[in-house]
Amino acid sequence: MQITLLLNSVSNESIKAVASRYTLPIFEMMKKKIGLPFNETTTENYGDAKMILFSSHDLQLSFIMKTLAPTNYNLTYVEFASNLFYELHKEDSIVCAEKNAAD
């Protein structure tokens, strides 16, 4: 049985603190890959990894999802055995601009 009310009973600051433990290394590695300034201390354990896999409990995934605040998604709880995938794709900026102009 999941405790769905726990997500709403924890402060937003606490949720962000828990979520940042899992998301910060991912976002810092993404910044490293695309050439933006990044925190070397956060990424030093990952080398030049192409994939990072974190395993976590459903409640921690709920905290991450609440922090990311996806649109059009009513977050009540996260199912058991759920996963979050972060993907970084390289796309030609000209092609990307053309696609956005067409939309």
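Which residue follows α4 and has a positive phi? That residue is A69, with a phi near 50 degrees. The legends below go through this predicted model one close-up at a time.

**Figure 1. The whole chain, a run of helices.**
Let's start with the big picture. The protein chain has 5 helices and 0 strands, so the pattern read along the sequence is simply α-α-α-α-α. Of its 103 residues, 20% count as buried. The chain exposes about 8100 Å², and carbon and sulfur atoms supply 55% of that area. If you take the contacts between residues at least 6 apart in sequence, 51% of them join residues at least 24 apart.

**Figure 2. Helix α4 and the residue after it.**
Here we zoom in on α4, which spans 58-68. A run of residues in this helix is buried: Q60, L61, S62, F63, I64 and M65. Just past the helix comes A69, the residue with the positive phi. Keep an eye on I64, as it turns up again among the contacts of T23 and of Y86.

**Figure 3. The largest pocket and what lines it.**
This view looks at the largest pocket, with about 650 Å³ of space. Its lining takes in 23 residues, and the ones nearest the centre are I26, I52, L53, F85 and Y86. Helices α2 (12-33) and α4 each put at least two residues into the lining. Which helix gives the most to it? That would be α2, with 5 residues.

**Figure 4. T23 and Y86, far apart in sequence.**
T23 sits in helix α2, while Y86 is in the loop between α4 and α5. The two are 63 residues apart along the chain, yet their C-alpha atoms are separated by 9.6 Å. Is T23 buried or exposed? T23 is buried, because its relative accessible area is 9%, under the 20% cut-off. Y86, at 27%, is partly exposed. Leaving out residues up to four places away in sequence, T23 touches I64 and Y86. On the same terms, Y86 has a longer list of partners: T23, I26, F27, M30, I64 and L68.**Figure 5. F27 on helix α2.**
F27 is another α2 residue. At 32% relative accessibility, F27 counts as partly exposed. Not counting residues up to four places away in sequence, F27 touches L68 and Y86. Both F27 and L68 are also among the contacts of Y86. F38 is worth picking out in this view too: F27 and F38 are 11 residues apart in sequence, with 8.9 Å from C-alpha to C-alpha.

**Figure 6. A salt bridge within helix α2.**
The count of salt bridges comes to 2, and this close-up shows the one between K31 and E28. The closest N and O atoms of K31 and E28 are 3.0 Å apart. Why are K31 and E28 separated by about one helical turn? Because they are 3 residues apart in helix α2. An α-helix has 3.6 residues a turn, so residues three or four places apart point the same way. K31 is partly exposed, with a relative accessible area of 29%, whereas E28 counts as buried at 8%.

**Figure 7. A salt bridge between a loop and a helix.**
Next up is the salt bridge that D48 forms with K33, where the closest N and O atoms are 3.1 Å apart. D48 lies in the loop between α3 (40-43) and α4 and K33 lies in helix α2, so the pair ties together parts that are 15 residues apart in sequence. D48 is exposed, with a relative accessible area of 59%. K33, at 39% relative accessibility, counts as partly exposed.

**Figure 8. A nonpolar patch on the surface.**
We finish on the outside of the model. Which residues make the nonpolar surface patch of about 280 Å²? I34, L36 and L88 do. L88 belongs to the loop between α4 and α5 (93-102). At 44% relative accessibility, L88 counts as partly exposed.

Notes: Residues are numbered from 1 along each chain as its sequence is written. This is a predicted model: local features need pLDDT of at least 70, side-chain atom pairs count only at pLDDT 80 or more; totals for chains, interfaces and linings use all residues. Side-chain values use heavy atoms; hydrogens and water are left out. Patches are made of residues with over 30% relative accessible area and no salt bridge: like charges are joined within 9 Å, nonpolar side chains (Val, Leu, Ile, Met, Phe, Trp, Tyr) within 5 Å. Accessible areas come from the Shrake-Rupley method with a 1.4 Å probe; for residues, only the protein chains shown count as cover. A salt bridge is a side-chain nitrogen of Lys or Arg within 4 Å of a carboxyl oxygen of Asp or Glu. Helices (H or I, at least four residues) and strands (E, at least two) are DSSP runs, numbered from the N terminus. Buried means under 20% relative accessible area, exposed over 50%, partly exposed in between (1.4 Å probe, protein chains only). Contact means heavy atoms within 4.5 Å. On a 1 Å grid over the protein atoms alone, a cavity is a set of points where a 1.4 Å probe fits but cannot get out, and a pocket is an open set with protein on both sides within 12 Å along at least five of seven lines; lining residues have an atom within 4 Å of a point. Grid points are joined across faces, edges and corners, and a volume is the space filled by probe spheres set on the points.
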